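Trainee: I am new to reading structures. Can we go through one together?
Mentor: Gladly. Bring your questions.

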Amino acid sequence: MSLEPVSQRTQPVFLRNVRFGFGGRVIQDEMTFTIEDGEFVAVLGPNGAGKTTLLKLLLGLIRCEAGEVMVFGRKPRRGNSGIGYAPQFRTLDANFAVRARDLVGFGLDGHRFGPGFPSRKRRKLIDEVLEEVHATEYAEASVGELSGGERQRLSLAQVLIANPGLVLLDEPLTNLDIAGAQEIITLVSRLCASRKVAVMLVTHDINPLLPHVDRVLYLANGRCAIGPPQTVITRETLSVLYNHPVEVVEAMGKKFVLGVET
Amino acid sequence: MLRELFSSDIMVHAFTGGAIVAVVAGAVGYFVVLRAQAFAAEAFTDIGFAGATGAALLGVASFAGMIVFSLLAAAGLGIIGNRARGRDVEIGMVLSFALGLGVLFLSIYSRTSASHAMSGINILFGSILTISSNDILLALGSCATALAALALLHRPLLFASVDPAGAEARGVPVRAISAAFLAIVALTTAGCVLLVGVLLAASLLIAPAAAAVNLTNRPGQAIALSMATAVGVTWCGLVLTFTGTIRHLPAGFYISALAALVYGASLVLRKRLRRVRVFEYPHGDRETG
């Protein structure tokens, strides 16, 4: 559990002794960690451990019950354009009525009121971010024609076009096959480095992420542990976290946590 | 023959009134179709019927009654919640109750005189031929308001209609937008009643937009196409009403029949368009998953 003393707290994420819950139940207590610019952090833990709720806390959609939360040195607030958030359950309606580029454009000005006319500048911005996520070839295709991996890239592009400093991705790898998941991970990791954007990626399976993430935030049993994968995903750390003997087995370069539901 | 047609006030009124309503119905209809709210829109027309007959009974302008009733209903649906999608049971209940109220008001009202009975029929099936300049001003007012509100809201509305979770994440007030849109639908259906009556309002609100969505995946293009189709269908319907061999068939019939025809044609065209698009697609290096 790494915890550096902090002086200015202008990091993308700063939490100290935070307690939050959902529906009257405390999910996490004494949560303390920071995330630096350009850091790629995987958020792991069993169902109900508070992974999505943590993201909602950072987005200002819920409040903490105790402690201090800072996002870029300010209290979390709704509609914070410094954060890009790709929610987990995304049902796209009227799939054939919009193109890939329309979906990405929503991230730029979809929240703005007023008439708003298309401009060359807007088009250029959309083209650039489509290029960045390798989605140029299907820019004009209807969203309904695209595969899960292709849509996930658009989701990423929609978030990136607003130039956030912190990106929260809630389970972007579900429903993707191994190759598809690998492509998204490589893309995110590259964007993390090139844009100096901090990324928190919620996932159930750490293995495809192991070579790419800087740190792992593991939530379980009302507590959390954060650090590089080789120090967090160990028998010692996880047994303390779960308060229950846990075994971590390594095979074929992958880690498997045994003895608990992950 | 067309010049002869436009020499009469009745025709000029019918064509201008029709165009005003059709333009707005085409634009609003696009979002109704995207949000799969055709049934809710249908319910609004029946609520408008109850409002119109109720107003007639009280001796108030039926148009005012429609607007009040349907705005109340929009507020109610907004409170019930999220976008009224998949709320068939609630909508069905409200719809049939509103229709029942309308029938009650109409039967009381039409007992008093034969002309009253006729005005009830006009509310149901439209009265494009008896449209007055006053009616046109009313329709223009409600339609212009609806169109202005739509222009103001169209970006968050489109975002929230296609990608509600994404919109919510970006800070779009999804529920408020949803309620505001229902109010826009209420104003629009009130306008449609002048032209084709409550029972056929759906033909202008839904068919042109649904046809446009079948033909293009560009939102701007689809809205323009939907508006143009709605105006085209309305004007063609009016021309047929006045020049058809069997004269004086109701405009509502021609307009709804043409609307259905256009939609049917769009279905056939869509199959072709999509087939072409899929074949053009470079399948080789696409990942699936």
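Trainee: What percentage of the residues of chain B count as buried?
Mentor: Remember that this is a predicted model. A residue is called buried when it has under 20% relative accessible area. In chain B, 50% of the 289 residues count as buried.

Trainee: Which atoms supply the area that chain B exposes?
Mentor: Look at the area by atom type. Chain B exposes about 12,600 Å². Carbon and sulfur atoms supply 71% of that area.

Trainee: How many helices and strands does chain B have?
Mentor: Start with the list of elements, then read along the sequence. Chain B has 13 helices and zero strands. Its pattern is therefore α repeated from start to end, since helices and strands are the elements being numbered.

Trainee: What should I know about a helix in general?
Mentor: An α-helix has 3.6 residues a turn, so residues three or four places apart point the same way.

Trainee: What share of the contacts in chain B joins residues 24 or more positions apart?
Mentor: Here we ask how far apart the partners lie in sequence. Take the contacts in chain B with a separation of 6 or more. Residues 24 or more positions apart account for 78% of them.

Trainee: Now the two chains. How many residues of chain B are in contact with chain A?
Mentor: Count each side separately. On chain B there are 38 residues, and they touch 44 residues of chain A. The area buried between the chains is about 3,400 Å². Carbon and sulfur atoms give 52% of it.

Trainee: How many salt bridges are there between chain B and chain A?
Mentor: Look for opposite charges facing each other. The count is two salt bridges. One of them pairs Asp109(A) with Arg155(B), and their closest N and O atoms are 3.6 Å apart. Eight residue pairs are in polar contact across the interface.

Trainee: Which helix gives the largest share of the side of chain B that touches chain A?
Mentor: Sort the touching residues by element. The helices α2, α7, α8 and α13 of chain B each supply at least two residues. The largest share, 10 residues, comes from α7(B). By class, this side of chain B has 19 nonpolar, eight polar and 11 charged residues.

Trainee: Is helix α2 of chain A mostly covered or mostly open?
Mentor: Check its residues one by one. Helix α2 of chain A spans residues 100-109, and 10 of its 10 residues are buried. Among them are Phe106(A) and Asp109(A).

Trainee: What covers the buried residues of α2(A)?
Mentor: Look in both chains. The cover includes α3 and α4 of chain A, together with α7 and α12 of chain B.

Conventions
Residues numbered from 1 in each chain as written. Chains lettered and ligands numbered in written order. Predicted model: local features only at pLDDT ≥ 70, side-chain atom pairs only at ≥ 80, totals over all residues. Heavy atoms only, no water. Buried < 20%, exposed > 50% of the residue type's maximum accessible area, 1.4 Å probe, protein only. Helix = DSSP H or I, 4+ residues; strand = E, 2+ residues; numbered from the N terminus. Contact = heavy atoms within 4.5 Å. Areas by Shrake-Rupley, 256 points an atom, 1.4 Å probe, with all protein chains shown as cover. Buried area = accessible area lost by both parts, 1.4 Å probe. Salt bridge = Lys/Arg side-chain N within 4 Å of Asp/Glu carboxyl O. Polar contact = N/O pair within 3.5 Å; in protein donor to acceptor, adjacent residues only side chain to side chain. Nonpolar A, V, L, I, M, F, W, Y, C, P; charged D, E, K, R; others polar.
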